[in-house]
Amino acid sequence: MNELVSIITPCYNAEEYIRETIESVIAQTYSDWEMIIVDDCSKDSSVQIIKEYISKDSRIKYFKTERPSGSPTLPRNIGIQSAKGRYIAFLDADDMYCPSKLENQLKCFGDNVGIVFSNYEKMEFDGTRNNRIITAPRVISYQKLLQSGYIGCGTMMYDSSKTGLMQFRDVGQEDYVFALNVLKKGYIAVNTNTVEALYRIVGNSRSAQKIEMAKRQWKVLRDIEKLSFIKASYYFCHYAIKGVLKFIK
């Protein structure tokens, strides 16, 4: 393939990790990419590190929010609006891609495929890896995705030529809602069935707040997707069971 991939990276006070994150993109076996880093008014040395890489690689670009938003939603949307690629991928400033991520995912797009994603591996905040692999089904429809947030945002790539430039909504579980909105258009999501990203567990990350996440999941099902109480309860039970299995890994 010879299509540009736009990688959107929101960043806030990520000086400890941003070098590894950028290096993981530079190391991609597929080289036709742009990395759009959107700084949410960091107060540490993140910006200096980012600009150091920009001076060496013109594929890396820097944007900044006007004021701290406190959420990845606005930075991601700024990145999407600035993207020049047909394919748009996401990578948080403390996570990493495996070298074959872009290449392997691009091979999986077909006529009715809106999203391609992958399995991923959890790592500790210091980068320690213990082979904690999070897997997901090979093919996911909208109805299947209602069961659980199978698609890790850091593994997700979508085809904007099919969906248009989708935007994140400023709601809890915004990456989950984003994927639902893509699949609601009638597309499917396909898993490469390979591990293509490393997800860093940070103590104060929102993903560590399990009870709050459960509340947000219920809100998505009832208030955003407008499911009946019975249907929402059915899908929420799936979510609870799969959530326990995922987080004990």
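# Buried faces, ring pairs and lone cysteines

Student: Which residues does Ser24 touch, not counting residues up to four places away in sequence?
Tutor: This is a predicted model, and a contact in it means heavy atoms within 4.5 Å. With neighbours up to four places away left out, the residues that Ser24 touches are Leu91, Met96 and Tyr97.

Student: What pLDDT do local features need in this predicted model?
Tutor: Residues are numbered from 1 along each chain as its sequence is written, and side-chain values use heavy atoms, with hydrogens and water left out. Totals for chains, interfaces and linings use all residues, side-chain atom pairs count only at pLDDT 80 or more, and local features need pLDDT of at least 70.

Student: Is Ser24 buried or exposed?
Tutor: Ser24 is in helix H1 (residues 18-26), where helices (H or I, at least four residues) and strands (E, at least two) are DSSP runs numbered from the N terminus. Buried means under 20% relative accessible area, exposed over 50% and partly exposed in between, with a 1.4 Å probe and protein chains only. Because its relative accessible area is 5%, Ser24 is buried.

Student: Within what arc do the buried residues of H1 fall, seen down its axis?
Tutor: The buried residues in H1 are Ile18, Thr21, Ile22, Ser24 and Val25. An α-helix has 3.6 residues a turn, so residues three or four places apart point the same way. Taking the directions from the helix axis to the C-beta atoms, the buried residues of H1 line one face of the helix because they fall within an arc of 155°.

Student: Which elements do the buried residues of H1 pack against?
Tutor: The packing of H1 is again a matter of contacts, now made by its buried residues. Their partners include helix H2, which is placed at residues 46-54, and the full list is strand S1 (5-11), strand S2 (33-39), H2, S3 and strand S5 (96-97).

Student: Which backbone oxygen does the side chain of Arg59 reach?
Tutor: Arg59 lies in the loop between helix H2 (46-54) and strand S3 (60-64), and it counts as partly exposed because its relative accessibility is 24%. Leaving aside neighbours within four places in sequence, Arg59 is in contact with Ser31, Trp33, Glu34 and Met35. At 2.9 Å, the side chain of Arg59 reaches the backbone oxygen of Ser31.

Student: How are the rings of Trp218 and Phe229 arranged?
Tutor: Rings of Phe, Tyr and Trp (its six-membered ring) pair if their centres lie within 6.5 Å, with planes under 30 degrees apart counted as stacked, over 60 as edge-to-face and the rest as tilted, and by this rule there are 11 aromatic pairs. Trp218 and Phe229 are one of these pairs, with 5.7 Å from centre to centre and 80° between the planes. The pair links distant parts of the chain, with Trp218 in helix H8 and Phe229 in helix H9, 11 residues apart. The arrangement of Trp218 and Phe229 is edge-to-face.

Student: Is Phe229 buried or exposed?
Tutor: Its partner Trp218, at 28% relative accessibility, counts as partly exposed. Phe229 has a relative accessibility of 53%, and therefore counts as exposed.

Student: Over the face of which ring does Arg76 lie?
Tutor: A charge sits over a ring if NZ of Lys or CZ of Arg is within 6 Å of the ring centre and within 35 degrees of the ring normal. Lys56 lies in this way over the face of Tyr53, at 5.7 Å from the ring centre. The ring beneath Arg76 belongs to an aromatic cluster of Phe90, Tyr158, Phe168 and Phe178, and at 5.1 Å from the ring centre Arg76 lies over the face of Phe168.

Student: How many disulfides does the structure hold?
Tutor: A disulfide is a pair of cysteine sulfur atoms within 2.5 Å. Cys153, which is buried at 8% relative accessibility, has its sulfur 15 Å from the closest cysteine sulfur, in Cys11, and this is too far for a bond. The number of disulfides that the structure holds is 0.

Student: What phi does Asn131 have, although it is not a glycine?
Tutor: Most residues other than glycine have a negative phi. Asn131, found in strand S7 (residues 129-134) and exposed with a relative accessible area of 59%, has a positive phi of about 60°.

Methods. A polar contact is a pair of N or O atoms within 3.5 Å; within protein, one must be able to donate a hydrogen and the other to accept it, and residues adjacent in sequence count only if both atoms are side-chain atoms.
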